[in-house]
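The following paragraphs lead through one protein chain, from its overall layout to its sheets, helices and enclosed spaces. The reader is invited to keep the model in view throughout.

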Amino acid sequence: MSIQQEDWLTRLVQPLGIHGQLFHVGKHCGNWLLEHDVPQDPSFHLVTEGECWLVWPDGEKILLQKGDLLFFSQDRRHQLLPVDPGQQASREVDLQEPVEGVGLVCGYFRFRQGYLPGWFRQLPPLLHLKRQQGSTTALGYLLQLLVTEAGQQDLGSVHILELLAEPLLIYLLRAALEQNAVTRSELSRRSEDES
């Protein structure tokens, strides 16, 4: 079996020196609210358990369920809050705690050169992939590994999580292409303009 030749997506992503940094890992119980007020680098949210709302500043809502993966190519202000807040006070526990709640793993994508490549502007501002964690796909297995490492914080976990960002971004780009949210020519053209 021969090794496949380098493809156009590999050539697009490889020079970026992508690494990841988690900024939130936990399970939220009761009447909680998370605010994302200061847009930064491209980011992702993974719902590992339960349901919650993503709310934009204009009040528009998106229902997020267990296994949903969100990719923000252009980070935007938003809030996350429970579908059913109940009467209990807000509290945050470890992902593995055997209590009902909404599990979240959230992280940033960072790039070696310190700024976004121009072709990122061609991507949709938000990509919502439903029920990915736990699916028997390569992306599903990658997300399960990410959740395991984020929840355990074992020796070397920080470095493993940094390295998982690159394959995660490649799967997200594949999904954007498969959903026709962006085309190869749009990404390639912007990349060629920069070189």
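Which pattern does the protein chain follow when read along the sequence? In this predicted model, the order of elements is α-β-β-β-β-β-β-β-β-β-β-α-α-α. The protein chain thus contains four helices and ten strands. As for overall dimensions, the C-alpha atoms fill a box of roughly 55 × 40 × 30 Å along the principal axes. The radius of gyration of the protein chain is 17 Å, which agrees with the value near 16 Å that a compact globule of 195 residues would have.

The strands can be taken sheet by sheet. Strands of a sheet pair through backbone hydrogen bonds, in either a parallel or an antiparallel manner. One open sheet has six strands, with antiparallel pairing and the order β8-β1-β9-β3-β6-β10. Its edge strands are β8 (91-93) and β10 (126-129), and each of these pairs on one side only. On average, neighbouring strands of this sheet are turned by 25° against each other, with direction ignored.

Within the six-stranded sheet, strand β1 (residues 19-29) offers a useful point of reference. On one side, β1 is joined to β8 by three bridges, and the two strands run antiparallel. Cys-29 has Arg-91 in β8 as its bridge partner. Strand β1 also pairs with β9 in the antiparallel sense, here over nine bridges. In that pairing, the bridge partner of Val-25 is Val-105 in β9.

Two helices can now be placed against these strands. Helix α2 (residues 138-152) packs on the sheet and touches β1, β3 (43-49), β6 (69-72), β9 (102-110) and β10. The direction of helix α2 makes about 85° with that of β3. Helix α3 (residues 157-178) lies across β1, β3, β6, β9 and β10, and runs at about 85° to β1.

A single residue of α2 illustrates how parts of the chain that are separated in sequence come together. Gly-151 belongs to helix α2. Its C-alpha atom is separated by 7.3 Å from that of Val-25, although the two residues are 126 residues apart along the chain. Apart from its neighbours within four places in sequence, Gly-151 is in contact with Leu-95 and Gln-96. Val-25 has already appeared above as the bridge partner of Val-105 in β9.

The other sheet to consider is an open one of four strands, with the order β2-β7-β4-β5 and antiparallel pairing. Why is one side of β2 and of β5 left without a neighbour in the sheet? Strands β2 (34-36) and β5 (61-65) stand at the edges and each has a single partner strand, so one side of each remains without a neighbour there. Neighbouring strands of this four-stranded sheet are turned by 20° against each other on average, direction ignored. Strand β4 (residues 51-55) pairs with β5 in the antiparallel sense over five bridges. Among the residues involved, Val-55 has Lys-61 in β5 as its bridge partner.

It remains to examine the spaces between the atoms. Rolling a probe the size of a water molecule over the atoms shows where empty space is left. How many cavities of 30 Å³ or more are counted? The count comes to one cavity, and the largest cavity has a volume of about 60 Å³. Its lining consists of Gly-20, Gln-21, Leu-22, Phe-44, Tyr-108, Leu-146, Leu-161, Leu-164, Ala-165 and Leu-168. The elements that give two or more residues to this lining are β1 and α3. Helix α3 supplies the largest share, four residues. By residue class, the lining of the largest cavity divides into eight nonpolar, two polar and no charged residues.

The largest pocket has a volume of about 350 Å³. It is lined by 17 residues, of which Cys-29, Gly-30, Asp-84, Glu-100 and Gly-101 lie nearest its centre. The lining of the largest pocket comprises seven nonpolar, five polar and five charged residues, whereas that of the largest cavity has no charged residues. Cys-29, one of the residues nearest the centre of the pocket, is also the bridge partner of Arg-91 in β8.

Note on methods: Residues numbered from 1 in each chain as written. Predicted model: local features only at pLDDT ≥ 70, side-chain atom pairs only at ≥ 80, totals over all residues. Heavy atoms only, no water. Pairing = 2+ DSSP bridges. Axes fitted to C-alpha atoms, helices over the stretch in contact; angles between N-to-C directions. Contact = heavy atoms within 4.5 Å. 1 Å grid on protein atoms, 1.4 Å probe; cavity = no way out; pocket = protein on both sides within 12 Å on 5 of 7 lines; lining within 4 Å. Points joined across faces, edges and corners; volume = space filled by probe spheres on them. Nonpolar A, V, L, I, M, F, W, Y, C, P; charged D, E, K, R; others polar. Rg over C-alpha atoms; globule rule 2.2 N^0.38 Å.
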